[in-house]
Amino acid sequence: FVKAAAALTLVSAFALAGAPANAQDKKFTIALVPGLTTDAFYITMRKGAEAAAKAIGAEIVFQGAPDFNPVTQVPVLDAVIAKKPDAILIAPTDKDQLVQPLKKAADAGIPVITVDTFIGSGVYQTGAGDSDFPLAYIASDNILGGEIAARALAKAVGEKGKVYVSNVKPGISTTDQREEGFKKEMAANHPGIQVLETQYNDNDANKAASQLQAVFARNPDLVGVFGANLFSALGGANGVQQAGETGKIRVVAFDAPTSIVDNINSGLVDLAIAQHPAEIGYFGVMSAYAHLTGNSIPTSIGTGFTVIDKTNVTDPNVAKYIYSD
Ligand code: T6T
């Protein structure tokens, strides 16, 4: 009896202290490391992550670098690992350069899920190679996004003429795949389009704008540009405007910051391919939670796109996909 009473006291003390009865009741801390902090895409992803965290009583730690660069992202990741969060969601800024730094997290027993971008081949948990250790990859289908961009740009320019891709830099899974999808679609189905050499802008919209003008100076018959991410598209569009070529050099934009609405309405941008970053953040957190509470999770989750143009930009069901600032 004494033993049983002591056990009872222990149990009630435990209950009073509010200790978790099971893993579901634990307050998890989930780190979200974006590609960079000052990008409407990742700001919107954070909102989705916070919404999911609220639903499950978790805490999000949002910590990132001010630019999209492995050199600045790796120290941030090291600091995050040192704090031992329950899980890490990360948009790796380079397919190869983030493998070893992320391995440190996995070796420390912290589950890793990549959001938006991937490491290695992006096919995880297969036992192949040394970069398949993340539990899941949650993102847009970026090859498909590039194909959609190619079809839209080809149509806008009447299926003929010179175009080019304004891109960030090689080694980023998302933007590499968008370019791949774009070129594949052009080569397969749009024989009248000539794709010029890609211009890499290091995620600098000003650089992308000057590059547009330089490409136009070399090719006065340039008819279109595909901006493969937010800053590439913004810069490309600004370059077209500065060159006085609005409506003549057609712009297809990846991503949908608030400024895209004005650009679509003014005819500077033909179409924007909005990703669903909030969805990526939401399902990133939910996947981490499922794993942390003993459930299995899919190794890949594909999120959607909403294509925004003049015909639907005022529709609230479309406008809700414009990113948050
Ligand atoms: O396009 C997004 C993201 O998907 C990509 O990986 C990097 O650039 C953005 O964050 C937009 O700036």
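These questions and answers cover the ligand and the cavity of a predicted model.

Author: Local features need pLDDT of at least 70, side-chain atom pairs need pLDDT 80 or more, and totals for chains, interfaces and linings use all residues. Residues are numbered from 1 along each chain as its sequence is written, and side-chain values use heavy atoms, with hydrogens and water left out.

Reader: What makes a residue count as being around the ligand?

Author: One of its heavy atoms must lie within 4 Å of the ligand. There are 13 such residues, and D39, D116, T174, R178 and D255 come nearest. By class, 5 are nonpolar, 4 polar and 4 charged.

Reader: Why is the pair between D116 and the ligand called a polar contact?

Author: A polar contact is a pair of N or O atoms within 3.5 Å. An N or O atom in the D116 side chain is 2.7 Å from a ligand oxygen, so the pair qualifies. T174 also places a polar side-chain atom 2.7 Å from a ligand oxygen. For Q275 the value is 3.0 Å, again to an oxygen of the ligand.

Reader: How much of the ligand does the protein cover?

Author: On its own, the ligand has 310 Å² of accessible area (Shrake-Rupley method, 1.4 Å probe). The protein covers 99% of that.

Reader: What makes a space a cavity?

Author: On a 1 Å grid over the protein atoms alone, a cavity is a set of points where a 1.4 Å probe fits but cannot get out. The count is 1 cavity of 30 Å³ or more. The largest cavity has a volume of about 140 Å³. The ligand takes up this space.

Reader: Which residues line the largest cavity?

Author: Lining residues have an atom within 4 Å of a grid point. The lining has 15 residues, with D39, Y42, F68, D116 and N229 nearest the centre. Helix 6 gives the largest share, 3 residues.

Technical notes. A polar contact is a pair of N or O atoms within 3.5 Å; within protein, one must be able to donate a hydrogen and the other to accept it, and residues adjacent in sequence count only if both atoms are side-chain atoms. On a 1 Å grid over the protein atoms alone, a cavity is a set of points where a 1.4 Å probe fits but cannot get out, and a pocket is an open set with protein on both sides within 12 Å along at least five of seven lines; lining residues have an atom within 4 Å of a point. A molecule sits in a cavity or pocket if more than half of its atoms lie within 2 Å of its grid points. Ala, Val, Leu, Ile, Met, Phe, Trp, Tyr, Cys and Pro count as nonpolar, Asp, Glu, Lys and Arg as charged, and the others, Gly among them, as polar. Grid points are joined across faces, edges and corners, and a volume is the space filled by probe spheres set on the points. Helices (H or I, at least four residues) and strands (E, at least two) are DSSP runs, numbered from the N terminus.
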